[in-house]
Amino acid sequence: MTDNSLPKVLIVEDSFPIQRFYREKLDGQCYVISAHSVKDGEMLFRMHPDVAAIVMDACVPGETPTTQPLVKHIRRTFSGPIIAASGSEECQKMLLKAGCDHRVSKREVPGKLAELLEQNSD
C-alpha cells in the first residue's frame, strides 16, 4: 500500500543491501520504488510517472556502466532531480553527462534525497 502523502522516489540499484540501507534511512520521508535492473527501472518509471526524484546507480547489474541510456530516456519527459549514486567518481561523471543533476556516494544518497525533497516541498 502506498502512502499518498509521501513523495515517490525511484531507486535503480542492483545491490539488495544498498537498497535496504536506502529504505531504512528514508523510511517516513518518501515512498521508495526499487528497480534492480535497467529494464525494471524503465518499466517502473513508466508505471510511476509521478516520481519526485530518481536515484541512479551506474552499473546495473554488475561492474560495467549500463544506465546512461536509461537516464537519457527518462530525461526526455522527467524534469525532476536525478541523483548519480556510485562508488566510482568516473561513473558519477558519466551519469552527469547523461543527464543526472547531482552526484553523491551511495552513503550520501539519503541525505541528498532528503535535501532535494525538502526543497521541492517549499
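This report looks at helix α1 and the cysteines in a predicted model.

## Helix α1: two sides

Let's start with the helix that spans residues 16-26, α1. Its buried residues are I18, Q19, F21, Y22 and L26. Look down the axis of α1 and these buried residues fall within an arc of 160°, so they line one face of the helix. The spacing fits the usual geometry: an α-helix has 3.6 residues a turn, so residues three or four places apart point the same way.

Swing round to the other side of α1 and you'll find F16 and E24, both exposed.

## Helix α1: the two ends

At the start of α1, have a look at S15: one of its side-chain oxygens comes to within 3.2 Å of the backbone nitrogen of I18. I18 also belongs to the buried set of the helix.

After α1 comes G28, which has a positive phi, near 85°.

## Cysteines without partners

How many disulfides does the structure hold? The count is zero. Take C91, which is in no disulfide: the nearest cysteine sulfur belongs to C59 and sits 4.1 Å away. A disulfide here needs the two sulfur atoms within 2.5 Å, so that pair doesn't qualify. C91 counts as buried, at 9% relative accessibility.

C100 is in no disulfide either, and its nearest cysteine sulfur, that of C91, is 11 Å away. Is C100 buried or exposed? With a relative accessible area of 6%, C100 is buried, because anything under 20% falls in that class.

Methods. Residues numbered from 1 in each chain as written. Predicted model: local features only at pLDDT ≥ 70, side-chain atom pairs only at ≥ 80, totals over all residues. Heavy atoms only, no water. Buried < 20%, exposed > 50% of the residue type's maximum accessible area, 1.4 Å probe, protein only. Helix = DSSP H or I, 4+ residues; strand = E, 2+ residues; numbered from the N terminus. Arc of directions from axis to C-beta. Polar contact = N/O pair within 3.5 Å; in protein donor to acceptor, adjacent residues only side chain to side chain.
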